Every structure is written in structure tokens, then in C-alpha cells.
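Hi,

Here is the structure I promised to pass on. Have a look at it first, and then read on for what turned up in it.

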Amino acid sequence: MLDADLIAKTATKLSLKEIQEGKVLSVKDKPNLKYAWDNGVAIGRYLAELKEGRIIGKKCHSCKRVLVPPRLFCELCWRPTDEWTYVQDTGTILTFVISHVNWDASRVKRGQRYHTPAVIELDGAGKDQGILHLIDEIDPKDIKIGQKVQAVWKKPEERTGSITDIKYFRVIKK
Amino acid sequence: MGLRKVAIVGAGLTKFHRYAQETPKELAYEATKMALDSCEMTLDDIDSVCLGTAPDAFDGVHMKGEYLSDGAGGFRKPYMRHFVGGGTGVMSPIHGWFHVASGMFDTCLVVAEEKMSSAFPHPAGAFLTIFDHTTEQPLYPTLIWIFAIEMHRFMHKYGYTKKDIAQVAVKNKANALFHPSAQLGAKITVEDVLNSEVMAYPVNRMDISPTSDGAAAIVLASEEVARRVTEKPIWIDGIGYCLDSAYWCNRDLYYPDYVEIAARQAYEMAGIKEPSKEIHIAEPYDPFTYKELHHIEGLMLCKRGESVKMLLDGVTQRDGNLPCCPSGGALGVGNPIAATGLMKIIEIFLQLREEAGERQVPGQPTCGLAQAWGDLMQVGTVVVMRS
Amino acid sequence: MALTERLQETTQVGYWTGAIPLEYVYTCGRAGEAYYRNLMNKGTFLGARCEKCQITYVPPRIYCERCFDRLEDHYVEVPPTGSVHTFTVLYRNLDGSKKEEPLVMALIALDGADGGVVHCLGEIKPDEVFIGLPVEAALKPKNQRKGGITDIKYFKPAK
């Protein structure tokens, strides 16, 4: 049996205000953690192709998927992947979100557009083979699962070799 | 299989708070001491310790497992830490189970702790680094996006509505009113959920469990020790765990295959052929409202596409045929990531001993299940228990 | 042959940079609150005494790590004196630049406690330090103390 009185004594409730006003003692610290992650062969090529305005994947002959982002081995079949294969920069919305919050849990400011990330199944990659990206040029209310989308790229001279070389995907109006 | 029977013989839980004054070690101590006292054991009776705690980035202590060890009773003992994100709390008894079932140790203290309040501006920010650093982080995603993405796909597949799913919050927060550790037990309505602020459509604020600080602990024992220590040992009859890849955009998110695989492992070990009939109570992991339903389907406690019907028919209420989250779940009690799963294990432990007080499920249940899930929509951990 | 592919030019090696952008606020906890408030207000050290194991812990804890007894009602005052148990001399800063003056960091075994505290030594030259040197805490004036380990300026040779 859980003893409610005993449990009440185990942890002392504080408010954010009490901590910030120093009602209890605390120590602040900001670790200086920076990273440089090697791209590796597969992601290195992926980013280089994005700079050229193309999306590249790698084919696995065993499961027939085209893996985007490309990988040197297929995690399902547990074997090295086969040839490099371009996929199209069009696709279908598998699912999406209308987010009122930013990465740090703060709310999107009044007047700013809500974030609309989506999982987009790229044409040529295979069923359910999607990537995470953003949707724009449409009122969030009008986005629907199943809509066809097209990548909108940065100008060639603005591209740096990053997933953000694609600014966002826009819905293709029929 | 040649492995020994293992029982849970004691349990302890702290209160869950959004901001607790206690250090992570102090939280771990409070839960661990309570667990030992509950079965009148001392540290000398403990042969080994397993500790579960989720990202070091929450508490802001590198090598958190080592840091917590003395508070978890691990001083100069065989000690291991495990971590599978939100799945940790149910991985904890699985990890401990191996210690005793193998015959290597007669007792194992299993502890789970989380202090999320140390991370600023918000612990959610720690999840920025769960995404692929090169292909996803530049888009500044947040964990709520992925939950909302999964929830949207789930709703789209079966035509579930937000109104239906909101009932899970109503049920669990009401159940939590009777849980002594609860942070957010309350009587709310479906309208309260639908009117709460939109975080990321289709997720509203009241669809989400709170950020919490808290700890939980249980004592595992071999059959011989268990029968000496208590009249009501609760047996761990089935365990299962399964990890999918981190390529979360490469699978259809409406169904958690990895939870089904883990459940099948646990059911086979426990000799369960028809889970929806043979499991009397369930504590599926419910960090978000729709997750309880998503997991009920993955656990095969109903046919795919029928979890909402089960909810609306009252089957998962405390007095229904298959009560789910009688504790109040993460939504009502709180979600200190690793400790939550162990809180659910403790709930099944108490329910099967008929010691759950006002939360007691009627009908003398003899078989229960707890499940947790986590990481990048990838892990399923399942434990089946019997009295 | 995917796994045996090699990059042929060094300019092909790319990398992506990022950071973990979190800050932390660590509460001192129940025992820590008592310890640092005592240091701030009274200028003395607090320890926790476990009679069963015959150990005095500084800083104090709410539990004994060995027997797991609760120690919260067993805090004791411990004198601010001790001796150097071991020490090192630092010549460089964290960023690799040279320090203006070398700094001695020591593990000080406190009188009346088991174990010790790490802090710097002051009012002494590095070549005068030896293991066993008796030391005492030099605190900031009370109005400058904030309730943290830096309320102690350093340990200096005892008179």
C-alpha cells in the first residue's frame, strides 16, 4: 500500500519564481558544447547533391527501397546498399502538423506563421519512404494528407549543401 | 528455459512535482528507501542494483548513472544503468529480471529517476538533438512535432476525432485523483481538453502529460527469497523489448510494430494466447492522450482500429472489462520520463495484491501488463505480471 | 562494395556543426540547502553523522551511502580546519592560455570529518605546499557570501 503521508514528505514542491528569486539556493551553468559531426560518405554525397538542386538516394535491391537520406547499408536487410539513384523533388504528404510552439517550447509570436512540418513521401523512393521538411505558400488550414507537393529550392548561388537548400515544399494545385 | 522465477516484493515512489527542490540523488534515495522499508529489507540484503534514467541532458549531469548510484543503494555493489528513452521505466524491471532469473543474484534493487526541471529554457529543448543533426535539426524540429505527426496519421487512418481521443485525458486525470504521488489529478471535461491551447495541431496542451521530477523503485527477488519476505509476491511472467530504427520517416506511423513485437515476446513467455481476455488490467504508456490508444492496439488488446470504440464503450474505465491506466497514467500522475514506466509497474504490483486503495480495480485481477515506449518513436518494452 | 568505398580527395570530407543549446539550474537539494545556508550565515561547515557506520560526511547528505539510514536529523558542525591530503599545481587556464600566477588546487581532509573538500590554496607559494600542511578556510566577508562553494575564497596555512 502506498502511504500518502510518507509520499508527501519525499519531495518538496517549488515554483519557477522561487528558484529565480533565490528562495532556494541553486547553481547556474551553461555548458559550452559544440560539435562537428563528420558527414560520412553517404550524407556527404546527399548534401553535395542538394547543393546542385537534386535529391539523391541509394537503392537496396533486396527490399527494393530507395533510401533517402542515403545510407551505406540497409538497416532492414542488413547488407550494403547498391547503386546511387536520384529521386524526384516532388512527393505526397503522409502526415503534417500545425505547430504553435518553437523548438524551445516558446510560443510562435503573434503575426508569425505557424510552423507546418510534414513527412513527405518522395516520388521514386518507395511506399512510406519519407523525409521531414516544411510546407509553405499555403494557409495551414488548407493542408491535407495526400496532397501532392513540389520542392521550392533556394537560388543556386544561395545553396550551401544543406537540407535547407530546399526552402520548403509547396502544394501543387491541380 | 532454465531460468528462475522472479517476483516483485516491495515498491516505493516519490511525489511527482514540476519543480522539486531535491537533488536527483535525494529523489532516488526517497523512492529506494521506501521500497526497502516496504518489505523490511536492508541494503545488506541487496545483491545487485539496476538503475534507469533517461537523457543525461535533462538533469544536466554527465554520466548520470554513476552519479545516482549511491542514492539508489548501489554503493560498492554490482550496478548497471540502462536507458531507452521513455521506454526505460519498463525496461528497468526487465533489466533487473535478468539479474535474478539467471541465478547470478538472489535480489535486485531496481530504481528509476528523472529530474527534468534542471534544464532551461525547457527540457523539451534537450530533444533538439534526438533528431538527425544534419538532415533534420536545421529545420528546428521539436518533439511535439513528432507526436503531432504520429497522432495525425493515426487519426487519419481510422477517422478518429480529437473529441474521442480527449476522453483518455478525462479518464486518466480522474483516476489520478486517488494516486498519492499525482501531480495533475483533476476532474476535467472533453471541452476542457479541446479548448486548451493548441501546441501543434492536432495536439492541445491537455493532450500532453506534464514535465516532472520524481523517482520510483522496486525490489526483485528469487522465489526462495520472495516467499520468505512476503505473502503476496507478484511474479514477472513475461518480458519483451524491441527497438526499431531511428529512421522514423521510413515507416507508417499509424501502428507501432515494435510494440507488437515486444508484446508477442512477453505473451509467449507468459503463455498468453488471447491477450484481450487473459490480461485483466493494463498500464499502457500514455505521455499523450492518443498514445494510450496507439499502444492498446500495438499490444493487441483489441483489433486494429477498435481502440476508440473500447474507450467510448467504457471498457477501459476502472470498473470496465479491461481497465487501462487505473493509476492515472502519465497524464494524471506525471511523467518524469524514466520513473513513469516504473510507476506503472508499481501500479500493477499493487493492484494484483489488492493494495491499490481507492484506485483498486474490482473483480480480483490476477494478471496485469505494463508497457512503455520512447526514443524517436522506436522502442517498445512490455512486462506481464501475475499474482 | 559500399563499405569499402574510400574518399579520394581530402576536400571531399565534409562535416556539419551544431551545439546542444541548454542551460542548467541545479537546486542544492535538502542537504545542500542546509550546508550552503550555514556557510553563508554562520561561516562554518556542516556535516552529517552516521553513528552506525561511524562516518561524518562533509558536505552533509540526507542518507548514509553504506547503511542507507536517514541522516537528516544528524547534522553536526565541523571546524573549518584541516590538512592538505593531496594537491596539484595548475599553470594553464581551461582555454589553454597561460595563467598569470600558478594556482594550487588541493583535496583538504577536514578535521572531524571523513573525506574532504576540493578547493584552492591561497597566501602560500606552490613550492611551500606539502602533504600534511595544516590549513584553515578563508571566507569572504559575510555581506559578500551568496550561499555557494565560492563563499570560501581559498584555504590558507593555519596559524
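β6(B) and β7(B) pair in the antiparallel sense, with two bridges between them. Within that pairing, Val198(B) sits opposite Asn204(B) of β7(B). Before going further, bear in mind that this is a predicted model.

The pair doesn't stop at chain B. Strand β6 of chain B, residues 198–201, is also joined to β9(A), by two bridges and again running antiparallel. If you want a residue to click on there, take Ser99(A): its bridge partner in β6(B) is Ala200(B). Put together, you get an open sheet of three strands, ordered β9(A)-β6(B)-β7(B), with antiparallel pairing. The edges are β9 of chain A and β7 (203–204) of chain B, each of which pairs on one side only. There is a helix on this sheet too: α5 of chain B, residues 143–158, packs on it and touches β9 of chain A as well as β6 and β7 of chain B. The direction of α5(B) makes about 55 degrees with that of β6(B).

Now the rest of the A–B contact. How many residues does each chain bring to it? Chain A puts in 45 residues and chain B 50. On the chain A side, several elements supply at least two residues each: the helices α1 (4–10) and α2 (16–20), and the strands β8 (90–96), β9 (98–99), β10 (117–122) and β11 (130–134). By residue type, the side of chain A that touches chain B splits into 28 nonpolar, 13 polar and four charged.

Chain A also touches chain C. There, 23 residues of chain A are in contact with 25 residues of chain C. The elements of chain A that each give at least two residues to this side are β1 (26–29), β2 (34–38) and α3 (40–51). Which of them gives the largest share? That is β2(A), with five residues. The side of chain A facing this contact with chain C has 13 nonpolar residues, five polar and five charged.

Strands pair across this contact as well. β1(A) is joined to strand β2 of chain C (residues 23–27) by four bridges, and the two run antiparallel. Ser26(A) is a good place to start looking, as its bridge partner in β2(C) is Thr27(C).

So, to find your way around: go to β9(A) and β6(B) for the strand pairing between chains A and B, and to β1(A) and β2(C) for the one between A and C.

Cheers

Terms used
Residues numbered from 1 in each chain as written. Chains lettered and ligands numbered in written order. Predicted model: local features only at pLDDT ≥ 70, side-chain atom pairs only at ≥ 80, totals over all residues. Contact = placed C-beta atoms within 7 Å. Nonpolar A, V, L, I, M, F, W, Y, C, P; charged D, E, K, R; others polar. Pairing = 2+ DSSP bridges. Axes fitted to C-alpha atoms, helices over the stretch in contact; angles between N-to-C directions.
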